[in-house]
Amino acid sequence: MKIAIIDYGAGNIQSILFAIKRIGFEAIVTNDWNTIKSADKVIFPGVGEASSAMEKLIESGIDVLIPTLKQPVLGICLGMQLMCNSSEEGNTKGLGIFDVDIIKFTTNVKVPQMGWNTIYSLESNLFKGIKENEYMYLVHSYYAPRCKNAIAYTNYDLKYASALQKDNFYGVQFHPEKSGIYGEQILKNFLELPTNS
């Protein structure tokens, strides 16, 4: 199986590579259009600030490519947020795959949310073998509100969407590669999705 991790200079790619290796798969890190298009599975990571990450995507032209992909695509953390309509962070226009706008947590809570929190209302094959209220590792200041694309929720200040799905596109706010055996199970579930899903 060919797994492509999109390299656009805004991802914590090493830890994702290691996690994929731990579950018995190999991935390539690339920004080559043809390699990404021909991959069986695509992972779109992201760490850092939304507007500068989006600028890097636009520079490479990958912003145009991602919404056209037909195979399963998984956005992680900022990757998921960039797949939404927009983000309040840097007033950033997103890729418009998920029909939701990313907003900032209020000052009622410590921002960023950093550490372990639970996910619940799990509604996808992505969560096969994962129990309700399992703990995942999160680091973020902005979130996706409740929306029709939500396939998991988390509570922090309020109930928000911690995972999204639309057609072949999936997004998780948490870091599966840093979430122990259950995070690795989610990565494995993603890699085992039918390629034409």
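In this predicted model, helix α3, which covers residues 50–60, has four buried positions listed by name: Ala50, Ala53, Met54 and Leu57. Viewed down the axis of α3, these buried residues fall within an arc of 100°, and they therefore line one face of the helix. The cover over the buried residues of α3 includes two helices, α4 (62–65) and α5 (78–82), together with the strands β3 (41–44), β5 (84–87) and β6. Glycine 61 follows α3 and has a positive phi, near 80°.

Leucine 57, one of the buried residues of α3, was examined for contacts beyond its neighbours within four places in sequence. Its partners are Tyr8, Phe44, Ile62, Asp63, Ile66, Leu82 and Leu95. In soluble globular proteins, nonpolar side chains tend to be buried together. The largest nonpolar core of the model contains 36 residues, and Leu57 is among those with the most contacts inside it, along with Phe44, Ile66, Leu82, Phe98 and Leu164. Two or more residues of this core come from each of the elements β1 (3–6), β3, α3, α4, α5, β7, β11 (150–156) and β12 (158–166). Helix α3 gives the most, with 4 residues. Apart from this core lies another, of 35 residues, which includes Ile3, Ile5, Ala152 and Phe190.

Strand pairing was considered next. An open sheet is formed by 4 strands in the order β6-β5-β7-β10, with mixed pairing. At its edges are β6 (92–93) and β10 (142–143), each of which pairs on one side only. Strand β7, spanning residues 98–104, pairs with β10 in the antiparallel sense over 2 bridges. Within this pairing, lysine 104 has tyrosine 142 of β10 as its bridge partner. The sheet and helix α3 are connected in the description above, since β5 and β6 are among the elements that cover the buried residues of α3.

Considered as a whole, the protein has 6 helices and 13 strands. A compact globule of 197 residues would have a radius of gyration near 16 Å, and the 15 Å of the protein agrees with this. Along the principal axes, the C-alpha trace spans about 45 × 35 × 30 Å. Buried residues account for 55% of the 197 residues. Of the contacts between residues at least 6 apart in sequence, 70% join residues at least 24 apart. The protein exposes about 8,500 Å², of which carbon and sulfur atoms supply 50%.

Technical notes
Residues numbered from 1 in each chain as written. Heavy atoms only, no water. Pairing = 2+ DSSP bridges. Buried < 20%, exposed > 50% of the residue type's maximum accessible area, 1.4 Å probe, protein only. Arc of directions from axis to C-beta. Contact = heavy atoms within 4.5 Å. Rg over C-alpha atoms; globule rule 2.2 N^0.38 Å. Areas by Shrake-Rupley, 256 points an atom, 1.4 Å probe, with all protein chains shown as cover. Core = buried A, V, L, I, M, F, W, Y, C linked by side-chain atoms within 4.5 Å.
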